[in-house]
Each structure stands twice: as structure tokens, then as C-alpha cells.
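Colleague: I've just opened this one and would like a walk through how it packs. Let's go helix by helix, then look at a few odd spots.

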Amino acid sequence: MRYIFTIIILVILSGCKSSPNYMNTGQLKANYQVLGFGGFYVEEDLTYFEKQLKNHYKAPIKKALEARGFKVVDASEVYTVFNQLLDNAENLYDPLTGQANENLRNELWKEALATTKTNLGVNAFVFAGVDTVRAHFTNSILLGHVAKWYGQEESYLEGGADGGDIFVSLFQNEQGYLPGSRVYIRIRDEKDTLLTMGSGGIELVAQFNSDEEIIVKDADKLFKDPAKLDSALQFALKTIDTWKTKK
């Protein structure tokens, strides 16, 4: 069965690079030893795989953080607090347009984080999940027909490296993007400040076929390799372990 993603190609056109100043594991442990695991998210276009991905990743992420010296507790109640605040909020929606007041919503989210921090005695929050990002490729025979992202690489041709020679001149600028899946771990404080994050590429969710069209992989071919899933998590964790703080 071909699994159709409604907005998956948009990831090719969006996103930008930043120059982060994140904490590494040692710095985090010195200041934020007790972590509340807020939740594990799967991008809307990947909800077909939500249960599978949660089952594969949520417990190992907690275990990996505990192995690094953190105490990790369940902090999912942050959403209960947040929803209560939303229910009691005034002027959350514009009476004319029905649109939410995003500034107020963000402030209520921070209030929920702060309240949950006090209730549970945590220092920071862990939010993890799987989403799609841009996987860059260069159309070069020397570099191979592969897309690369967050420590992963995979042929961007359906059928792999033997997909055909027609791709040699596929793009005039000899580069582009395809949607690649990744697992991510983000750690935030009660003010919703991003303290650190790590990402690991899992696999491409779409490739080029012989007609030079971007084709989404069949559902029964996605997220079937435990080695890819596990190596992605290890790359994400290693990224957090080794961040170098700018001076």
C-alpha cells in the first residue's frame, strides 16, 4: 500500500540552518539532573507509524538518559495542566475570526511548564519524537547517488544505486532535497527555552523513480529496519553528549 503524506514535499522547501549554543550532557547533568519526560510526538504525516515508533523509542530514550546519570520521571501531566489553563483562559480566541491568540497560548504553556516543574520537582523537560526534515543530495557520480542528513545517508533513487543512469543530469544545479525521517530529543526549561537537542536520521520517506518523480515509499517498507532506528537514536544521543559550547 502506498502511504500518502499530504504535505511531505513541503519539507524540501522549508527549514533553515542555525548556529546553536546548546549544552552537552555534562553541562546538563550539572544543572538539570532531574528531567521530566513530557511526551513523544510523531509528525502528523507519519501517524500511520505512531504506535510502532513510540514503542520502539520512548523507553530506550528514558533508559539512555538514566544511564548518563539523569533521573527521569513522567511529566505528561504538563498537558493536563495546560489544557486546564486553556479551558479557563479568557480572550483565547478572536470572536470575529475564531483564531487563537498564539501569544497567550504560549504564555499559558510556559505557566504549565512552571507549575509542573514545581509539582514534580524536576529541573527541565524532555520532549522527543519522529518527524521529517530535508535530506540534502548532490547529483554527482563521484559522491554517489545518496542523500545525507543527521548522520544518515541513503540512495535517493528508487531501487538504490542501480536505479538508472538518467539521474546523472537530473538537476541543473546538481543538488536538491528529499524528505528524510529523523528521531529527535529536545530538552527545555520551564520558560520553554531550548537547552539542547540531538537528531538522528532514520531513512528517506521518498525517492525519485525512473520518471524523475518524487515517490513516497510504500508503508510496508518504512521503519522496518531496527538497525536504522537504533543507529538514529545513538547519533542523536551522541550529538547531545558532544556539543561544544561557544565562548
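Colleague: At roughly what angle do the axes of helix α4 (residues 77-88) and helix α5 (residues 102-120) cross?

Modeller: Ground rules up front: this is a predicted model, with local features needing pLDDT of at least 70 and side-chain atom pairs counting only at pLDDT 80 or more, while totals for chains, interfaces and linings use all residues. Residues are numbered from 1 along each chain as its sequence is written, and side-chain values use heavy atoms, with hydrogens and water left out. Axes here are lines fitted to C-alpha atoms, over the stretch in contact for helices, with angles from 0 to 180 degrees between N-to-C directions. The axes of α4 and α5 come within 8 Å, and the crossing angle is roughly 135°.

Colleague: Are α4 and α5 oblique or roughly parallel to each other?

Modeller: The bins are under 35 degrees for roughly parallel, over 145 for roughly antiparallel, 65 to 115 for roughly perpendicular, and oblique for the rest. The pair crosses at roughly 135°, so α4 and α5 count as oblique.

Colleague: And is the crossing of α4 and α5 left-handed or right-handed?

Modeller: Left-handed means the near helix is turned anticlockwise from the far one by less than a right angle, and right-handed means clockwise. By that test the way α4 passes α5 is right-handed.

Colleague: How many nonpolar residues are in the contact of α4 with α5?

Modeller: Contact means heavy atoms within 4.5 Å, and those making it include Val78, Tyr79 and Phe82 of α4 and Leu108, Trp109 and Ala112 of α5. For the classes, Ala, Val, Leu, Ile, Met, Phe, Trp, Tyr, Cys and Pro count as nonpolar, Asp, Glu, Lys and Arg as charged, and the others, Gly among them, as polar. The contact of α4 with α5 has 3 polar and 3 charged residues, and the nonpolar ones number 11.

Colleague: Tyr79 sits in α4, so what is its relative accessibility?

Modeller: Tyr79 touches Gly38, Gly39, Tyr41, Trp109 and Phe127, leaving out residues up to four places away in sequence. Even so, Tyr79 counts as partly exposed (buried is under 20% relative accessible area, exposed over 50%, partly exposed in between, with a 1.4 Å probe and protein chains only), at a relative accessibility of 24%.

Colleague: How far does helix α3 (residues 50-67) reach from its first C-alpha to its last?

Modeller: The expected span is 1.5 Å times one less than the number of residues, and α3 has 18 residues. The reach of α3 comes out close to that expectation, at 26 Å.

Colleague: Which residues of α3 are buried?

Modeller: Elements covering the buried residues of α3 include β1 (34-42), β2 (71-74), β3 (124-138), β6 (175-188), β7 (194-204) and α6 (226-241). The buried residues of α3 are Leu53, Tyr57, Ile61, Ala64 and Leu65.

Colleague: Let's take Tyr57: how far is its C-alpha from that of Val183?

Modeller: Tyr57 counts as buried, at 1% relative accessibility. Leaving out residues up to four places away in sequence, Tyr57 touches Val183 and others, among them Phe40, Ile202 and Leu233. Tyr57 and Val183 are 126 residues apart along the chain, yet their C-alpha atoms are separated by 8.6 Å.

Colleague: At roughly what angle do α3 and α6 cross?

Modeller: The α3 side brings Leu53, His56, Tyr57, Pro60, Ile61 and Ala64, which meet α6 residues including Pro226, Leu229 and Leu237. That contact has 10 nonpolar, 1 polar and 1 charged residues. The crossing is right-handed, and the axes come within 11 Å at an angle of roughly 35°.

Colleague: On to the backbone: where is Tyr150 found?

Modeller: Most residues other than glycine have a negative phi. Tyr150 has a positive one, near 45°, and is partly exposed at 38% relative accessibility. Tyr150 is found in the loop between β4 (146-149) and β5 (152-155).

Colleague: And what is the phi of Asp192, about?

Modeller: Asp192 is in the loop between β6 and β7, partly exposed with a relative accessible area of 24%. Asp192 is not a glycine, but its phi is positive, at about 70°.

Colleague: Last one: how many strands does the protein chain have?

Modeller: Helices (H or I, at least four residues) and strands (E, at least two) are DSSP runs, numbered from the N terminus. The protein chain has 6 helices, and its strands number 9.
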